[in-house]
Amino acid sequence: MVCTLYVLRSNKSPRFYIGVTEVIETRVLKHNAGDVRSTKAYRPWALVYQETFSTKKEARQRELQLKNNYQIRKKLFEKIIRVQPGLL
């Protein structure tokens with residue numbers, strides 16, 4: 001089962017959201033429909049980054065690495081902003 005780590009960027013505020021899913025298109029639609037409590041207030045969201053893993057365990061480990069390590073997370077967000085400067 002292929003699993004995707006994804007990063008969303010709010011179009012409403014300077015916020016990012018990191019998550020893991022098996023079906024990225026459906027998950028982004030749920031975020032933008034307001035079906036995810038933690039992201040509902042900052043809709044709409046844009047998918048700005050994704051990494052694919054062969055197992056859910058690997059994707060979840062990467063998610064926890066990003067969520068628990070400020071320096072690694074900050075570097076990733078800076079990379080995203082450099083590649084997509086119109087996000088700010």
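This report describes the sheet, the helices packed on it and selected loop residues of a predicted model.

## Sheet architecture

The model, which is predicted, contains an open sheet of 3 strands in the order E2-E1-E3, with antiparallel pairing. E2 and E3 are the edge strands, each pairing on one side only. On average, and with direction ignored, neighbouring strands of this sheet are turned by 20 degrees against each other.

Strands of a sheet pair through backbone hydrogen bonds, in either a parallel or an antiparallel sense. Here, strand E1 and strand E3 (residues 45-53) are antiparallel and share 8 bridges. Within this pairing, Ser-10 is placed opposite Trp-45 of E3. Towards the other edge, E1 is joined to strand E2 (residues 16-21) by 6 bridges, and these two strands also run antiparallel. E1 and E2 form a hairpin, with 5 residues between them. Two positions illustrate the register of E1 against E2: Thr-4 stands opposite Thr-21, and Tyr-6 has Gly-19 as its bridge partner.

## Burial of strand E1

Is strand E1 enclosed or open? Of the 8 residues of E1 (residues 3-10), 8 are buried, so the strand is largely enclosed by the rest of the structure. The cut-off behind this reasoning is a relative accessible area under 20%.

The burial applies to both faces of E1. Cys-3, Leu-5, Val-7 and Arg-9 are buried on one side, while Thr-4, Tyr-6, Leu-8 and Ser-10 are buried on the other. Thr-4 and Ser-10 therefore belong to the set of residues that makes E1 largely enclosed.

## Helices on the sheet

Helix H1 (24-33) lies across E1, E2 and E3 and runs at about 30 degrees to E1. Helix H3 (residues 70-83) also packs on the sheet, where it touches E1, E2 and E3. The direction of H3 makes about 100 degrees with that of E2.

Within H1, the residues Ile-24, Val-28 and His-31 are buried. They lie on the same side of H1, because they cover an arc of only 55 degrees around the axis. An α-helix has 3.6 residues a turn, so residues three or four places apart point the same way. The cover over the buried residues of H1 includes E1, E2 and E3. On the face of H1 turned away from its buried side are the exposed residues Glu-25 and Leu-29.

## From H1 to E3

Gly-34 follows H1 and has a positive phi, near 90 degrees. Most residues other than glycine have a negative phi, and most peptide bonds are trans. The peptide bond from Arg-43 to Pro-44, by contrast, is cis, with omega near 0 degrees. Pro-44 is located in the loop between H1 and E3.

Thr-39 lies in the loop between H1 and E3. Which residues does Thr-39 touch, not counting residues up to four places away in sequence? The contacts are with Tyr-17, His-31 and Trp-45. Of these, His-31 is among the buried residues of H1, and Trp-45 stands opposite Ser-10 in the pairing of E1 with E3. Thr-39 has 0% relative accessibility and therefore counts as buried.

Technical notes: Residues are numbered from 1 along each chain as its sequence is written. This is a predicted model: local features need pLDDT of at least 70, side-chain atom pairs count only at pLDDT 80 or more; totals for chains, interfaces and linings use all residues. Side-chain values use heavy atoms; hydrogens and water are left out. Buried means under 20% relative accessible area, exposed over 50%, partly exposed in between (1.4 Å probe, protein chains only). Helices (H or I, at least four residues) and strands (E, at least two) are DSSP runs, numbered from the N terminus. Two strands pair if DSSP finds at least two bridges between them. Contact means heavy atoms within 4.5 Å. The arc is that of the directions from the helix axis to the C-beta atoms. Axes are lines fitted to C-alpha atoms, for helices over the stretch in contact, and angles run from 0 to 180 degrees between N-to-C directions.
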